Amino acid sequence: MSFSQMSIRQLQQALRDGKTSSVELTRACLARIAATDERINAFVTVCAETALAAAAEADRKIAAGAVGPLTGIPIAVKDIFNTAGVRTSCGSRILENYIAPYDATAFAKLQEQGAILLGKLNMDEFAMGSSNENSAQGPVRNPWDLERVPGGSSGGSAAALAAGQAFATLGTDTGGSIRQPASFCGVVGVKPTYGRVSRYGVIAYASSLDQVGPLAQSVEDAALLLGAVAGYDPLDSTSVDCPVPDYLAGIDGGVKGMKIGLPREYFIAGLDPAVKQAVEAAIEVYRGLGAEIVEVSLPHTDYAVACYYLIATAEASSNLARYDGVRYGVRQQGEGGLSGMYEKTRAAGFGDEVKRRIMLGTYALSSGYYDAYYLKAQKVRTLIRADFLKAFKEVDLLLTPVAPTAAFKLGEKTDDPLQMYLSDIFTIPVNLAGTCALSLPCGMDGQLPIGLQLIGQPFDEARILQAAKAYEAETDWHKQRAPLD
Amino acid sequence: MKLTREEVEHVARLSRLSLEAAEIDALTGQMDQLLGYVEKLNELDTDEIVPTAHAVPLENAFRADEIRPSLGLERALQNAPQTEASCFVVPKVIE
């Protein structure tokens, strides 16, 4: 039977009914990876042997009637998650030989619930990038058009789904790194509220912005995955101790009477006409489904990218100080004792974008500049967050494009860091505000998918999932498949 | 303001990065462009605004001081470039 269009719940039913086995599903994914990944480069590590062994074990559990919501489902995770015994290189030369000694909590939760790890997914080095061109393991190609980027930094997580290589994946989102690749690859991606999912064991980029989330082929699958990874973790003191609702329970509730806000600052001149048209058509779908559409304002939107590139780089410069060639990673010998070793190790181990961000962040935190840059950015962050909280007094959720354009060409923006950063203009404010958002397919620009962003109130993931499901039920965009064969 | 090459070299030292001359040149231009862009934040009056360090209000997370299983020596050392007698080995620091 063909599995590629089946939801995880349907796969679970098929497993329970004995119509397929976890070994069969795992083999199908491994075969698909073997057939397509030379072109896509989504996987940096494939765990074929351990995946098949775990699948056989899952089949024994299923036969014994011990089935969880993810038992036997083959998944893959971004190479930023520590996965015990498996290489975890985070897209970087400096970690190319690093074998994780423990599991990240989010991955451990999927594994405890029976998911099968197919392997680790390509990404921009240390999650810094919007195109997946900053990976030491080479760029990922968009399954919809191999000349184009899949988005970043979770480019492998989105491309693997679009290529039919896995049934769900995990990514991380610091300024749009789940939503923008989900948009470029035509899949669903959720950036949960800051604190909703544990970051324990997730290699840190910008700690006050980083958040773990799922990518999936449908809203329902994404909701199921989010429920599986969400929740307080004593090992992450920034995870929040508030109850995790059943995200599937109310997901079919529709949008009748929901108040959806359109932030006028997101419908700007730079928006590609195809994206504008697709988002406007989505608004009409929502109106038709009984939602009330109102215009709102997020007046500090235009300052978000500048604010982000000070805060994120400052935090990155501090977080990445740990790569010093002492406890893990590739060491280079240098002149001048310990400092010389540090400097050579880091110069050889980091790529250009990572160096650029460490430098910018170090500058923003350095003596004499802290108040002018870092502190100023933290104050502007307060204003951006206040914009959202004010808007949410008027509306239940916000609807916007995910990115100003569909997927751009490989190499198109690599020489101009600022242009690359501006491709995250609609996703970055959500991370600064610390609230939740998702991306779902809402149209095509020729052969390229377009994504719709729904932004929710803090810890109100259930509502944006419900609104996304209502749209998905009404449209067929999520059923489109990349023309890979 | 214009970022100078000397300032970039200073930041490279603070960042513990030994950069080639060509890298310093490229970074001087790029950082200058980015710092020029972030100047736009100064359009906003933030004198009375409290800075946000975290989007979620956080308090110190205390826990009971109990002995629990941890990573262990073997796994903690498994990725180290050089070890000896259960220690990380680094180049000589003190002559």
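Which residues form one aromatic cluster with A:Tyr98? The exercises below concern a predicted model, and the first of them takes up this question.

**Exercise 1. Identify the members of the aromatic cluster and classify the ring pair A:Tyr98 and A:Tyr328.**

Step 1. The cluster consists of A:Tyr98, A:Phe126, A:Tyr323, A:Tyr328 and A:Phe350. Over all chains, the structure holds 16 aromatic pairs.

Step 2. In the pair of A:Tyr98 and A:Tyr328, the ring centres are 5.8 Å apart and the planes stand at 70°, so the pair is edge-to-face. The cut-off for this class is an angle over 60 degrees.

Step 3. Next, the two rings are placed along the chain. A:Tyr98 belongs to the loop between β2 and α4 of chain A, and A:Tyr328 to the loop between α9 (304-319) and α10 (337-349) of chain A; with these positions 230 residues apart, the pair links distant parts of the chain. Both A:Tyr98 and A:Tyr328 are buried.

Step 4. A further pair may be treated in this way. The ring centres of A:Tyr308 and A:Tyr309 lie 4.8 Å apart with planes at 80°, so this pair is edge-to-face. Both A:Tyr308 and A:Tyr309 are buried.

**Exercise 2. Describe the sheet of chain A and locate strand β9 within it.**

Step 1. Read across the sheet, the strand order is β1-β3-β2-β4-β6-β5-β10-β11-β9-β7-β8 (chain A); the sheet is open, has 11 strands and shows mixed pairing.

Step 2. The edges are β1 (43-46) and β8 (292-296) of chain A; each has a single partner strand, so one side of each lacks a neighbour in the sheet. From one strand to the next, the twist averages 30°.

Step 3. On one side, β9 (residues 397-401) of chain A runs antiparallel to β11 (residues 448-456) of chain A, and five bridges join the two. Within this pairing, A:Thr400 has A:Gln453 as its bridge partner, and A:Leu398 stands opposite A:Ile455.

Step 4. With β7 (residues 259-263) of chain A, β9(A) forms two bridges, and these strands run parallel. Here A:Gly261 stands opposite A:Leu398.

Step 5. Is β9(A) mostly covered or uncovered? Five of its five residues are buried, and β9(A) is therefore mostly covered, given that buried means under 20% relative accessible area.

**Exercise 3. Determine how helices α2 and α4 of chain A are placed against the sheet.**

Step 1. Helix α2 (residues 22-40) of chain A lies across β1, β2 (74-78) and β3 (116-121) of chain A, at about 20° to β3(A). A bend of about 40° occurs in α2(A) at A:Ala34. After α2(A) comes A:Asn41, with a positive phi near 65°.

Step 2. The buried residues of α2(A) include A:Leu25, A:Cys29, A:Leu30 and A:Ile33. The packing partners of the buried residues of α2(A) are α1 (8-16), β1, α3 (48-63), β2, β3 and α5 (155-162) of chain A.

Step 3. Helix α4 (residues 105-112) of chain A lies across β2, β3, β4 (168-173) and β6 (211-216) of chain A, and runs at about 165° to β4(A).

Step 4. A:Thr105 is found in α4 of chain A. Why does A:Thr105 count as buried? Its relative accessibility is 13%, which is under the 20% cut-off, so A:Thr105 is classed as buried. Leaving aside residues up to four places away in sequence, A:Thr105 touches A:Ser198, A:Tyr200 and A:Asp233.

**Exercise 4. State which lysines lie over the faces of A:Phe408 and A:Tyr303.**

Step 1. Over the face of A:Phe408 lies A:Lys413, at 4.7 Å from the ring centre.

Step 2. Over the face of A:Tyr303 lies B:Lys40, at 5.9 Å from the ring centre.

Definitions and conventions
Residues numbered from 1 in each chain as written. Chains lettered and ligands numbered in written order. Predicted model: local features only at pLDDT ≥ 70, side-chain atom pairs only at ≥ 80, totals over all residues. Heavy atoms only, no water. Pairing = 2+ DSSP bridges. Helix = DSSP H or I, 4+ residues; strand = E, 2+ residues; numbered from the N terminus. Axes fitted to C-alpha atoms, helices over the stretch in contact; angles between N-to-C directions. Contact = heavy atoms within 4.5 Å. Bend = angle between axes of the 7 residues up to and from the residue. Buried < 20%, exposed > 50% of the residue type's maximum accessible area, 1.4 Å probe, protein only. Phe/Tyr/Trp six-rings, centres within 6.5 Å; stacked < 30°, edge-to-face > 60°. Lys NZ or Arg CZ within 6 Å of the ring centre and 35° of its normal.
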